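Reader: I'm new to this one and I'd like to know how the labels are earned. Could you show me the structure and then take my questions?

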Amino acid sequence: MEKSLKPGLALLLFCFLNLNLFPQSSPTLNKPQENFTQLLSNAQSLLAEGQYSRALKILQQSLNLARTAEEKKSALFYLAETNASLGQLPQASERYVQCLELARKLADSATIQYCQKAIEIIDLFNKAKELRQDKKCSEAIETLNRAIVICNEIKNDTLKMKCLRRKSLCLLDMNDSENYLKVNIEANTIAKKLKNAYEIIITLNNIGHWYFSINNINLAIDYFTQAISYINEDTLPQDIFDIYYNLGTVYNEIGNFDRAIEYFNNALAIISNDRTNPYYSATLIGLGFSYVKKGLSTGSREDYDRAFDCFSQAQQIAAKTGNKNYEVITYNNLGSLKAHLEENLDALYYLNKARALAEELKLNSYLASIYTNIGIIYGRLGDYQNSTLFYDKAINLAVNENENRYLWESYLEKANLLRKQGQPEEAKFYYLNSINIIESLRSQLLTEEDKASFFGSDKRLDAYYNLTDLLINQQEKGSSQSTLGQAFNYMERARARAFLESIEASKVSQQFPVDIRLANREKELMSDLSRIYTRLITPEVEDKERTALLDQVKRLEEDLENVRRQIRSKNPAFANLAYPEVITYEQARKEFVDWKTAVFAFLVGKDSAYAFCLTRKGLKVYPVPAQKELREMVTRHRRAISDTDNQDFSSGYTLYKALIEPGLENGLKNGLNKLLIVPDDILTILPFETLVLSSQPADWLVRHYTINYAPSLSSLKGLAHKQNRKDRKKPSYNLLAIGDPYYGELEEKYSELSTKTIFQNLYSLSDMKFYRLRYSEEEVRRISGQIPKSRMLTRERASEDLVKRANLADYRILHFAAHGLIDDQKPARSAIVLTLDNDPAEDGFLQMREILNLKLNADLVVLSSCQTGLGQFIRGEGIEGLSRAFFYAGASSVLMSLWTVNDQVASQFMDRFYLHLKQSESQAEALRAVKLEMIESGVVSHPFYWAPFVINGDGDLKMFVPGYQTPLVIGLSVLGLTLGALIFRKKLFNNKKGH
């Protein structure tokens, strides 16, 4: 609903280009040396390394020590050059004049000529500055071109760089964006040659602006974050304000509101001492916008309250300083915020104030947003005539101004209104227009993370959800049967798109070489992170050092993200990547459905939700509880099945009646024995096996069906296509089992020390203790003994180093029996905790960001760890966590857990799973067989023990040919399971420690 809060690219973002940026460090100087020659030599060395601030201080000392005219001339010359390098042109000009006077006394013709021309260049530079202020940009450019010619004559790259950057501002004023970019690139090249971080920052910032202006968000972020990397402790805070502000603005654009808030807060801290500065209002507006959008997804009143405070402060300052543009923006956003809170009359009050001012100032792009917001309020109030009027005005303006960033919302809201008025065909037209623009904007993003964030934030998915809902309701009113197929298609287009595209991108990353410099930088950053993690898990680290280390982790993670963006942006293979098409209804029927299989795909919206049941008999779509009610139902059921003292599972029957039974009515379930579940929203953490079919005790869904899960049908097809088992090289080994890692002192002396204590606020979800998983050694030994051609790594050998050095592509199955750390806010930090051996090269945390770089050829990855099926939930995308990383690396399916698992039970569970897997059963069938055995055991029959493990991905794979097991071995294994369960019965029901 809100207008984006950038006050226009030329109006705000680019005007930051005039700010002086000063990035150099200023470490404490040694005691001044008394020797002029030595001081001058030291200064020259510092200048060669681009350390201008330090050089300036030494040169000032050298000038004080100069005794002869020659020495004073030399000191003044280098002072002038250094002042110029730091952007201090008035001081530079003064020093050149002083140097010129001495050169004349000394009859130094070369220096005379150089200083005269340098002074002339600065004079021309200043004249051009005045001409630009008088809006005489063509004359200013001519003046700067004359200055640049003189720069070339005396080979003064520093002043040439300044003139080029000033020229770029004139080109910007003239809307010559192509030459604006070229000039900044030329200036940036010179700056890097001179190692002038001050100028590197400004030119990188300018280039980032250019890419943002053409909607290339990825490269805009790339250049802005590169600029940040040149900032150090000597940089003046006000000089870096605009970079933080711009990054906040860009991250708002892609829907990463937490990052946006972080950068806006950095910018606000820099400028907070000058509250009359118009950019202070701009920052408050950006920050408030971030909180509003975050509140839309979290539903947190606290986020809305923070947004209101930001907008109110910004409005007061804008009114006080007479900045009408910012008044427009704040009124619009205050109105939008009130609309979210359904305070419609207050919303209309603020929006009409914004409209009046914007019309007076002719701010057309802002008017498009304001008109849309007013249309929403009138629609709510039942005034459809005025609502239509304002939507049409918004659409016309946005089209004329080419403002696609806002046009998609205008189309969406117009479609919603038409649907209310009973005009479905007209509504469909506008929904499709909205979707087309959203898809176009999304295609301009390069990384899957940005695409997922963009797609899942704001109201963008509403266009897909609402169109799907419209089509379903049309079908119910007697429309063509093909309407349901269309609804299925749009449902699938709204599901796990980033994951689908990451599957294709992973093939490119493995097949095409990357820039060796960037690859090495990535390794360096990963190594630095490992070193810090190794230090962090040392119990004796003091709080002050721990805090500093945690700050380093955050900075390194930002650098790593930026390097990976550069790897993508500079690899032409990614630019030319053709992503796979989303599967259609007809393709899905052919690909995934036979007479024994039913597919259940869910689409959960705030106001309505649906289940799509796809069988050989066709497609059935029916309503299920909407988001709020469904979340309450699933939460209640998870509580019931994870409490070993509870025997009331009626919540499972309620869920079955709501989610599954309607799809299997009218004889549809006859002959079915397999269900493929594509969950959404809260259903991603529901083990459907625990749904109950009747009032009979333990009539679990798993008793009747083999169950498998997938993020979407398109991604499941993509996984199968990626592996292409017919053409791939057959792995030499069946299994690599890693378990019972050695946790050193944390295991022996500090087994009760939790990750919350060690990592403080670094991990948002996991609170794990580093006790030894004694049964995991038995687990990996037994399964390795069962499976031929297997290898095993335990205790000290279960290390991250040995895992990475193994040729993982040569194994069909990877099995991890170790602790897991899950982060639902920063999924890249989620990890499998391997041996902690104080090796600075590898910290022992096999993190999601490292798993992405592995090269697998695995049909199955087993994560016998706690909560490995959890992670960050992204609307429309599902769970972003460890399983996705293994898919990206090359796995076809992942066996994972949805909650903390008992160590001993997990060991026996996995033993039985592999036994069944060897019977030529598919992965999903083997998993079901184990669960049925546990249900019948009477000892571990509670779903707490068998329900958390689920298969995600291609669970239909059969791993082995028949004949691996004899009846005697099977019987002995069953007997072992029963005896083990009986021996530890009491312990199992009282001990819920997980791994």
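Reader: Let's start with Ser-732. What makes this residue partly exposed?

Author: Ser-732 has a relative accessible area of 39%. Buried means under 20% and exposed means over 50%, with partly exposed in between, so at 39% Ser-732 is partly exposed. Keep in mind that this is a predicted model.

Reader: Where does Ser-732 lie?

Author: Ser-732 is in the loop between helix 32 (713–723) and strand 6 (733–741). Leaving aside neighbours within four places in sequence, Ser-732 is in contact with Lys-789 and Asp-810. Asp-810 is 78 residues away along the chain, yet the C-alpha atoms of Ser-732 and Asp-810 are separated by 5.5 Å.

Reader: Val-541 is in a loop too. Why does Val-541 count as buried?

Author: The relative accessibility of Val-541 is 6%. The cut-off for buried is under 20%, so Val-541 counts as buried. The loop in question runs between helix 26 (516–536) and helix 27 (543–569).

Reader: What does Val-541 touch?

Author: Not counting residues up to four places away in sequence, Val-541 touches Arg-535, Arg-546 and Leu-549. As for Ile-758, Val-541 is 217 residues from it in sequence and 9.2 Å from it in space, C-alpha to C-alpha.

Reader: And Thr-330, why is that one called buried?

Author: Thr-330 has 0% relative accessibility. Set that against the limit of under 20%, and Thr-330 therefore counts as buried. Thr-330 is found in helix 16 (residues 324–340). Its contacts, leaving aside neighbours within four places in sequence, are with Ile-285, Phe-311, Ala-314 and Gln-315.

Reader: Now the cysteines. How many disulfides are there?

Author: The count comes to zero disulfides.

Reader: Why is there no bond from Cys-137 to its closest cysteine sulfur?

Author: A disulfide is a covalent bond between the sulfur atoms of two cysteines. To be counted here, the sulfurs must be within 2.5 Å. The sulfur closest to that of Cys-137 is in Cys-170, 4.9 Å away, so it is too far for a bond. Cys-137 counts as buried, by the way, at 10% relative accessibility.

Reader: What about Cys-151, why is its sulfur not bonded to the one in Cys-163?

Author: Cys-163 holds the closest cysteine sulfur to that of Cys-151, but the gap is 4.6 Å, which is too far for a bond. Cys-151 has a relative accessible area of 1%; buried means under 20%, so Cys-151 is buried.

Reader: What makes a group of residues a nonpolar core?

Author: Such a core is a set of buried Ala, Val, Leu, Ile, Met, Phe, Trp, Tyr and Cys residues joined through side-chain atoms within 4.5 Å. The largest one in this model has 167 residues, and those with the most contacts inside it are Tyr-96, Tyr-464, Phe-488, Phe-612 and Leu-713. Helix 6 (residues 109–133) gives the largest share of this core, eleven residues. The core also draws at least three residues from each of domain 1 (36–204) and domain 3 (585–715).

Reader: Which residues does Phe-488 touch?

Author: Among those it touches are Phe-612, Leu-614, Leu-619 and Leu-713, not counting residues up to four places away in sequence. There's also a second, separate core of 132 residues, which includes Val-692, Ala-737, Ala-831 and Ala-906.

Reader: What stands out about the phi of Asn-175?

Author: The phi of Asn-175 is positive, about 60°, although Asn-175 is not a glycine. Asn-175 is in the loop between helix 8 (157–173) and helix 9 (177–194). With a relative accessible area of 69%, over the 50% cut-off, Asn-175 is therefore exposed.

Reader: Asp-681 has a positive phi as well. Is Asp-681 buried or exposed?

Author: Asp-681 has a relative accessible area of 6%, which is under 20%, so Asp-681 is buried. Its phi is near 55°, and its place is in the loop between strand 4 (674–678) and strand 5 (706–709).

Reader: To finish, how many helices and strands are there in the protein?

Author: The protein has 43 helices and 16 strands. Of its 995 residues, 61% count as buried.

Key
Residues are numbered from 1 along each chain as its sequence is written. This is a predicted model: local features need pLDDT of at least 70, side-chain atom pairs count only at pLDDT 80 or more; totals for chains, interfaces and linings use all residues. Side-chain values use heavy atoms; hydrogens and water are left out. Buried means under 20% relative accessible area, exposed over 50%, partly exposed in between (1.4 Å probe, protein chains only). Helices (H or I, at least four residues) and strands (E, at least two) are DSSP runs, numbered from the N terminus. Domain bounds come from an automatic or database domain assignment. Contact means heavy atoms within 4.5 Å.
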